[in-house]
Every structure is written in C-alpha cells, then in structure tokens.
Amino acid sequence: MDIVKNFVDIVLHLDKYLGTIIQTYGTWTYSLLFFIIFLETGFVVTPFLPGDSLLFAAGTFAAIGSLNVYYVIVLLASAAILGDTVNYHIGKFIGEKIYESENLRWIKKEHLLEARDFYEKYGAITIVVGRFIPIIRTFVPFVAGIGQMRYFRFLFYNAFGGILWVSLFTLGGYFFGNLKIVKDHFGLVTIAIIVISVIPAITTFLKRR
C-alpha cells in the first residue's frame, strides 16, 4: 500500500518531484511529461493531474539546463493537441445521452455541465480559453465532441490553444522560475497559478448564480 500511495503522490505532484525524476530517469523524463499532459487533456476521468504548474516547473528546469526548452514545448504541445483530439472523439462517440445519465461513476456531472455552459456561451473560442482553466480544460473537448463540432474547425482551435498554453506556461517558468523570490516561494507560486487559472470558471459560476 505504501508503494501505491507514494506512486500516486508522485503522479499528483509531479512538479514537486521533477528534479528527482530528471536525475533518476534522464531523457525518459520527456516521455513521462508527455504522458501526464496527454492524460490530463485526453480523458475526462483525469482532470486532477497537474497541468499549468507542471509546465511552469518544466520551464524552470529547462532554464538551468536540466531539460531542453524546445523539446519540452514541441513534445508537450503535441501531447496537449493529441489529448484534446482523443477527448473530442470520445465525446463524439458517446453522444448527448450522457447529459441525461444519472450513473456517471467516474465523471462529475457538475463539471460536465459547467463545461457545456462555458462552451455554449463562448463558442469555438472556448477550445482556446478552456486550455487555461483547470478541469474545464479536460471537459471542453469532450463537450465539443458531444456537440458534433466540425472536426477541422475543432482541430484549428485545438492546435492554436495547445501551442499557446504550453508555450506561455513553459516560457513563464523558463524566464521567471529561477528568480530568487520565485525559487524561495515556489509552492506559493504554484498555488497562485492554479488560483489565477480558475478565476474565469469561478466568475462564470457566480454570474450564472
């Protein structure tokens, strides 16, 4: 049980353990980062995985030479685009009946409905904006698939949003992550990133209320 607990802790807080992982696994770290971002964006049952903070942390380690910033951006943008594509097709396959289902064992229905409302309000640009909002990020492509959004239109916004999201957070870590004040309060910075990311979702919720 301790092994399982430790493994889950590492996966859920990968940004915290990234330094150790790089030292232990070297170039295999790129594959692990790819896998985490792909899962976080590709499946509605894994919105709890780190996204923004992980990208920021990867950029921070790239700044000190532990990772190659170009590899990080290209690989993780590819993971984000591929993840949303898979999520879209899963939603398209399942269809609208999922909204009526009361037995959603692995999916929180309120997250699904919030993503649908967000999508209906902002349209296709939601694919881009949703990238920057935890949880909403995971559900938006799923909802777009359910809504039968034209695939090539979805792909355009998916690619643009994925590249923009990964580039901004990775380069943010690359240029600011190693400032003394940031290094000394990295945990607080991570929390701040998460809080700022969810502000649009909170604002939408309050307006709806």
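Contacts in this predicted model are mostly long-range: of those with a separation of 6 or more, 77% join residues 24 or more positions apart. The chain has 209 residues, and 45% of them count as buried. Its secondary structure comes to eleven helices and zero strands. Read along the sequence, the pattern is α-α-α-α-α-α-α-α-α-α-α.

**Nonpolar cores**

The largest nonpolar core holds 25 residues. Leu 33, Ile 37, Leu 55, Leu 67, Leu 76, Trp 165 and Val 166 touch the most other members. Five elements give two or more residues each to this core: helix 2 (14-25), helix 3 (28-42), helix 4 (52-63), helix 5 (69-94) and helix 9 (151-176). Helix 5 gives the most, with seven residues.

What does Leu 55 contact, leaving aside its neighbours within four places in sequence? The partners are Ile 37, Leu 76, Trp 165, Val 166, Phe 169 and Thr 170. Apart from this core lies another, of 19 residues. Val 44, Ile 127, Phe 139 and Phe 142 are among its members.

**Helix 5**

Helix 5 has 26 residues. At 1.5 Å a residue, helix 5 should span 38 Å. Its end C-alpha atoms are 37 Å apart, so the span agrees with the expected value. At the N-terminal end, Asn 68 acts as the cap. A side-chain oxygen of Asn 68 lies 2.9 Å from the backbone nitrogen of Tyr 70. Gly 95 follows helix 5 and has a positive phi, near 85°.

**Aromatic pairs**

A search of the whole structure finds nine aromatic pairs. A pair of rings is described by the distance of the centres and the angle of the planes. Two of the pairs are set out below.

| Pair | Centre to centre | Angle between planes | Geometry |
|---|---|---|---|
| Tyr 30 and Tyr 71 | 5.9 Å | 75° | edge-to-face |
| Phe 156 and Tyr 157 | 5.2 Å | 80° | edge-to-face |

The pair of Tyr 30 and Tyr 71 links distant parts of the chain. Tyr 30 sits in helix 3 and Tyr 71 in helix 5, 41 residues apart. Is Tyr 30 buried or exposed? Tyr 30 has a relative accessible area of 15%, and the limit for buried is under 20%, so Tyr 30 is buried. Phe 156 has 54% relative accessibility. The limit for exposed is over 50%, so Phe 156 counts as exposed. Elsewhere, Tyr 88, Tyr 151, Phe 152 and Phe 154 form one aromatic cluster.

**Buried residues in helices 8 and 9**

Thr 138 is found in helix 8, residues 136-146. Thr 138 is buried, with a relative accessible area of 0%. Its side chain reaches the backbone oxygen of Glu 40 at 2.8 Å. Not counting residues up to four places away in sequence, Thr 138 touches Glu 40, Thr 41, Phe 43, Val 44, Pro 47 and Asn 87.

Ile 136 also has its place in helix 8. Ile 136 is buried, at a relative accessible area of 5%. Tyr 119 is 17 residues from Ile 136 along the chain, and their C-alpha atoms are separated by 9.7 Å.

Asn 158 is found in helix 9. The relative accessible area of Asn 158 is 0%, so this residue is buried. Which residues does Asn 158 contact, leaving aside its neighbours within four places in sequence? Asn 158 is in contact with Ala 80, Ile 81, Asp 84, Thr 85, Ile 127 and Arg 131.

**Annotated spans**

In an unreviewed entry, UniProt lists residues 28-49, 61-82, 155-176 and 188-206 under "transmembrane region". Two of these spans can be set against the model. Residues 28-49 are 68% helix and 0% strand. The end C-alpha atoms of residues 28-49 are 19 Å apart. Residues 155-176 are 100% helix and 0% strand. Here the end C-alpha atoms lie 31 Å apart.

Terms used. Residues numbered from 1 in each chain as written. Predicted model: local features only at pLDDT ≥ 70, side-chain atom pairs only at ≥ 80, totals over all residues. Heavy atoms only, no water. Core = buried A, V, L, I, M, F, W, Y, C linked by side-chain atoms within 4.5 Å. Buried < 20%, exposed > 50% of the residue type's maximum accessible area, 1.4 Å probe, protein only. Helix = DSSP H or I, 4+ residues; strand = E, 2+ residues; numbered from the N terminus. Contact = heavy atoms within 4.5 Å. Phe/Tyr/Trp six-rings, centres within 6.5 Å; stacked < 30°, edge-to-face > 60°. UniProt positions renumbered as here; feature names shortened; annotations may be inferred. Polar contact = N/O pair within 3.5 Å; in protein donor to acceptor, adjacent residues only side chain to side chain. Expected span 1.5 Å × (residues − 1).
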